[in-house]
Amino acid sequence: MTGLKTCVADLEDFFDKNVERYLDGCYGGKQRYPSNAVRKSIMLHYVDKYFKSRKRKVRILDAGCGAGNLMVELLDRGYKVEGMDVSASMLEHCRRALSARGYSPELVQKGDVFALSKLVRSQYDLVLCAGLLGYLPRHDLVFAQIRKVLKPDGLVITDIINRLFDLFTFNKHTVDFLDRLFQEQGLPTAVRRSVTRTLGRRLEIGKEYELKKSFKGEEIESSEVDVDYNSLNYARRFAQAGFRLRDVWYYHRHPIPTIFERSFPKLFQHSGPIPRGLPRNEWYDALLCNTSVVVLERDKR
Ligand SMILES: C[S@@+](CC[C@H](N)C(=O)[O-])C[C@H]1O[C@@H](n2cnc3c(N)ncnc32)[C@H](O)[C@@H]1O
């Protein structure tokens, strides 16, 4: 568990030091693709979809609430929301934003999501994790904590990476993806090494592609790295964590592989105003989008 503590302390430090940059970059319109704003609109869409009809009765917890961008919007819409975050600086921004809109700054508290069930005593209808899981190892532990604070029919809304997109990037990530696929099938190391090296050369990945030891390498325990989410294994991965997948919305679509970014920069520029409507959720988004928002329901076990 020492590794986990260090990781949380590092994240706390990172967000404490980078709060302004994060807010400017992510919500201040300085990103090429306004992924935080898009994520927020998709999450709001789902909160309304599932809870609008009983909004004054539902209890929502915003885990890793940051500066409160989502929280304040939900409060404005009439939902009852509390928040928690590990970073004091983020919480300072959040409390200011709450006060400015006439809400109590005490709606948020400082804490670590890995100890969530000790921090909050209530049971929630919905736990939101926006931009949180991507930073954290050991999702099994995070989901176990969330299960403890969720009502039996409670939901989780979170964003999650889609590694199937790596097949479409035609770069190092593609070879990493395939290597994981080869490992999962139990292919002999010699075959894996030969195939990944050849692919690395064909894809012209700088230096010759070196097969990594594996995700079960010596330095990192596989259970501490949760990179292996892809649109085809979501249901299974979430089932392992005790949740059923109810909805998925893919976003941050790359219409052509990123290696063509220099040739067709406009296709990768999304610095204009945040799209009014939500992006359309097409079948091909499961391949072309690197992220998604998912709605999970607690299974009954
Ligand atoms: C990318 S920000 C997202 C903030 C907010 N949810 C949003 O969508 O704007 C991630 C947040 O997670 C918080 N965080 C990171 N590790 C955490 C942990 N172990 N427990 C609670 N919060 C954590 C960070 O301090 C930061 O505020």
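Mentor: A crossover counts as right-handed if, with the strands pointing away from the viewer, the path from the first strand over the helix to the second runs clockwise. Keep that in mind for this model, which is predicted.

Trainee: What makes a right-handed β-α-β unit with E1 and E2?

Mentor: Helix H3 completes that unit with E1 and E2. Its handedness is right-handed, so the path from E1 over H3 to E2 runs clockwise when the strands point away from the viewer. E2, helix H4 (residues 88-100) and E3 make a right-handed β-α-β unit as well.

Trainee: How do you know that strand E1 (residues 59-63) and strand E2 (residues 80-85) pair?

Mentor: Pairing requires at least two bridges between the strands. E1 and E2 have five, in the parallel sense, so they meet the requirement. Within this pairing, Ile 60 stands opposite Val 81 in E2.

Trainee: How do you know that E2 and strand E3 (residues 108-110) pair?

Mentor: The threshold is again at least two bridges. Three bridges join E2 and E3 in the parallel sense, and therefore they count as paired. Asp 85 has Lys 110 in E3 as its bridge partner.

Trainee: Which residues have the most contacts inside the largest nonpolar core?

Mentor: Ile 60 is one of them, along with Met 43, Ala 63, Leu 126, Val 127, Leu 128 and Ile 157. That core has 60 residues. Leaving aside neighbours within four places in sequence, the contacts of Ile 60 include Leu 74, Val 81, Leu 126 and Leu 128.

Trainee: Why is Phe 170 called partly exposed?

Mentor: A buried residue needs 20 or more other C-beta atoms within 10 Å, and an exposed one has 12 or fewer. Phe 170 has 18 C-beta neighbours inside 10 Å, so it falls in between. This residue lies in the loop between strand E5 (150-161) and helix H7 (172-184).

Trainee: Why is Glu 204 called exposed?

Mentor: Glu 204 has 9 C-beta neighbours inside 10 Å, and the limit for exposed is 12 or fewer, so the label applies. Glu 204 sits in the loop between helix H8 (189-202) and helix H9 (234-240).

Trainee: What is the phi of Glu 204?

Mentor: Glu 204 has a positive phi of about 55° and is not a glycine. Phe 170, also not a glycine, has a positive phi of about 55°. Most residues other than glycine have a negative phi.

Terms used. Residues numbered from 1 in each chain as written. Predicted model: local features only at pLDDT ≥ 70, side-chain atom pairs only at ≥ 80, totals over all residues. Helix = DSSP H or I, 4+ residues; strand = E, 2+ residues; numbered from the N terminus. Core = buried A, V, L, I, M, F, W, Y, C linked by C-beta atoms within 7 Å. Contact = placed C-beta atoms within 7 Å.
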